[in-house]
Amino acid sequence: RLAARRARLAARTAERGWGGAGRLRRRKLECWLCAARWALAREIARGAALRRTGPISELELRAAALPGAQRPCPGPVTARRNRSPRPARAAAPAAMISRAGHASHVSRQLKDIVKLPLLRTQPPARIREIWAEYHTGRDDAVGAALDEAKASALVDRAGAAPTYLHPVRRDGGHFLLLQQFQNRRHFLFTFLEDYKKNPALARPYLTLTLHDDLARDRGLVLLRGDVDAMLRKTEAEHIIEQTIQAYCVGSRFSDAKTGPLVFNQNPDRFDLDEMLRNYPSLVSLTTN
């Protein structure tokens, strides 16, 4: 009796297509029909788009799809029935400012700029003077120096809040530069509107590099800003000074409305108008 019951059950299963092979064939057919409906819907939407001006969006293609073809079919069912859920996808990081325009500045080491072995023999005060004198007559570069402790605070806080805005006031108006801290060594500043259009093509107006070669034995970190022709040297000096102040002055860094911390962690609370009102006017660069 048990054998006869198993035989009847197997015959019924094969007849109704409940077996593994039958279910797979049926699922493949459903996938093919779904893909066919999706392709037909796309052709219908494209035909409608030809009768008007302007491109058609993917959202419109989905809206024009036939019932049951709202999205492409995921494919046939495989033998693995109980799959573990996929982990949640991490949030996409902010798009990086391209270094293409300043690739040589980013890759340049301190030893490529000065005679580092000779500079190491000088006391910290003299190193500051040499570094300042080296950049005095240059229109395309700015030099500054920070104590190791202050530079460490700058790097740590910039790592926690890597982006910020800096207004450049010119001819009775202003434009905004977006600052981005990369690789715990470089501050890149680019025109905000260029970044909005395409971050990969946004050319840095200013590249600020921190050279810590003398931090251990002389307690100094040398800063070099390479200035693009779109920015004046006095403007670059002012931006560098305000970047240092924005991160190294605790009250300014953690300001609930205008600081870099709120700009990165709670951008909805960032008050751009108040930041513009309170942003210091152009002053000479301070290297202390």
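Visitor: Is Phe270 buried or exposed?

Guide: This is a predicted model, and every value here is computed from it. A residue counts as buried when its relative accessible area is under 20%. The figure for Phe270 is 13%, so Phe270 counts as buried.

Visitor: What kind of aromatic pair do Tyr164 and Phe270 form?

Guide: Tyr164 is also buried, at 3% relative accessibility. The ring centres of Tyr164 and Phe270 are 6.3 Å apart. Planes over 60 degrees apart count as edge-to-face. The planes of Tyr164 and Phe270 stand at 80 degrees, so the pair is edge-to-face.

Visitor: How many residues apart in sequence are the parts that Tyr164 and Phe270 tie together?

Guide: Tyr164 belongs to strand 2, residues 163-170. Phe270 sits in the loop between helix 12 (260-265) and helix 13 (272-278). The pair therefore ties together parts whose separation in sequence is 106 residues.

Visitor: How many aromatic pairs does the structure hold?

Guide: Ring pairs also link Phe181, Phe187, Tyr247 and Phe253 into a cluster. For the structure, the number of aromatic pairs is 9.

Visitor: Is the pair of Trp131 and Tyr134 stacked or edge-to-face?

Guide: Both residues lie in helix 6 (residues 124-136), 3 residues apart, which is about one turn of the helix. Their rings are 6.3 Å centre to centre, with 20 degrees between the planes. Planes under 30 degrees apart count as stacked. The pair of Trp131 and Tyr134 is stacked.

Visitor: Where do the buried residues of helix 6 lie around its axis?

Guide: Trp131 has a relative accessible area of 3% and is buried, whereas Tyr134 is partly exposed at 34%. The buried residues of helix 6 are Ile127, Trp131 and His135. They cover an arc of only 60 degrees around the axis, which puts them on the same side of helix 6.

Visitor: Which residues are exposed on the other side of helix 6?

Guide: The buried residues of helix 6 pack against helix 5 (116-120), strand 1, helix 9 (215-218), strand 6 and helix 10. On the other side of helix 6, the exposed residues are Ala125, Glu133 and Thr136.

Visitor: How far apart are the end C-alpha atoms of helix 7?

Guide: Helix 7 has 13 residues, from 148 to 160. At 1.5 Å a residue, helix 7 should span 18 Å. The distance in the model agrees with that, at 19 Å.

Visitor: What are the buried residues of helix 7?

Guide: What covers these residues includes strand 1 (141-147), strand 3 (173-182) and helix 10 (233-248), along with strand 4 (186-191), strand 5 (204-211) and strand 6 (220-227). The buried residues themselves are Ala151, Leu154, Val155 and Ala158. They cover an arc of only 95 degrees around the axis, which puts them on the same side of helix 7.

Visitor: Which side chain does a polar contact join to that of His211?

Guide: His211 lies in strand 5 and is buried, with a relative accessible area of 3%. Not counting residues up to four places away in sequence, His211 touches several residues, among them Arg108, Leu110, Arg185 and Arg224. The polar contact is 3.4 Å, and the side chain that it joins to His211 is that of Arg185.

Visitor: Is Asp171 buried or exposed?

Guide: Asp171 is found in the loop between strand 2 and strand 3. Although Asp171 is not a glycine, its phi is positive, at about 55 degrees. Exposed means a relative accessible area over 50%. At 72%, Asp171 counts as exposed.

Visitor: Which residues does Arg232 touch, not counting residues up to four places away in sequence?

Guide: Arg232 is in the loop between strand 6 and helix 10. With 43% relative accessibility, Arg232 counts as partly exposed. Leaving out residues up to four places away in sequence, Arg232 touches Arg170 and Val227.

Visitor: How many helices and strands does the chain have?

Guide: Of the 288 residues of the chain, 36% count as buried. Among contacts with a separation of 6 or more, residues 24 or more positions apart account for 61%. The secondary structure comes to 13 helices and 6 strands.

Key:
Residues numbered from 1 in each chain as written. Predicted model: local features only at pLDDT ≥ 70, side-chain atom pairs only at ≥ 80, totals over all residues. Heavy atoms only, no water. Helix = DSSP H or I, 4+ residues; strand = E, 2+ residues; numbered from the N terminus. Expected span 1.5 Å × (residues − 1). Buried < 20%, exposed > 50% of the residue type's maximum accessible area, 1.4 Å probe, protein only. Arc of directions from axis to C-beta. Contact = heavy atoms within 4.5 Å. Polar contact = N/O pair within 3.5 Å; in protein donor to acceptor, adjacent residues only side chain to side chain. Phe/Tyr/Trp six-rings, centres within 6.5 Å; stacked < 30°, edge-to-face > 60°.
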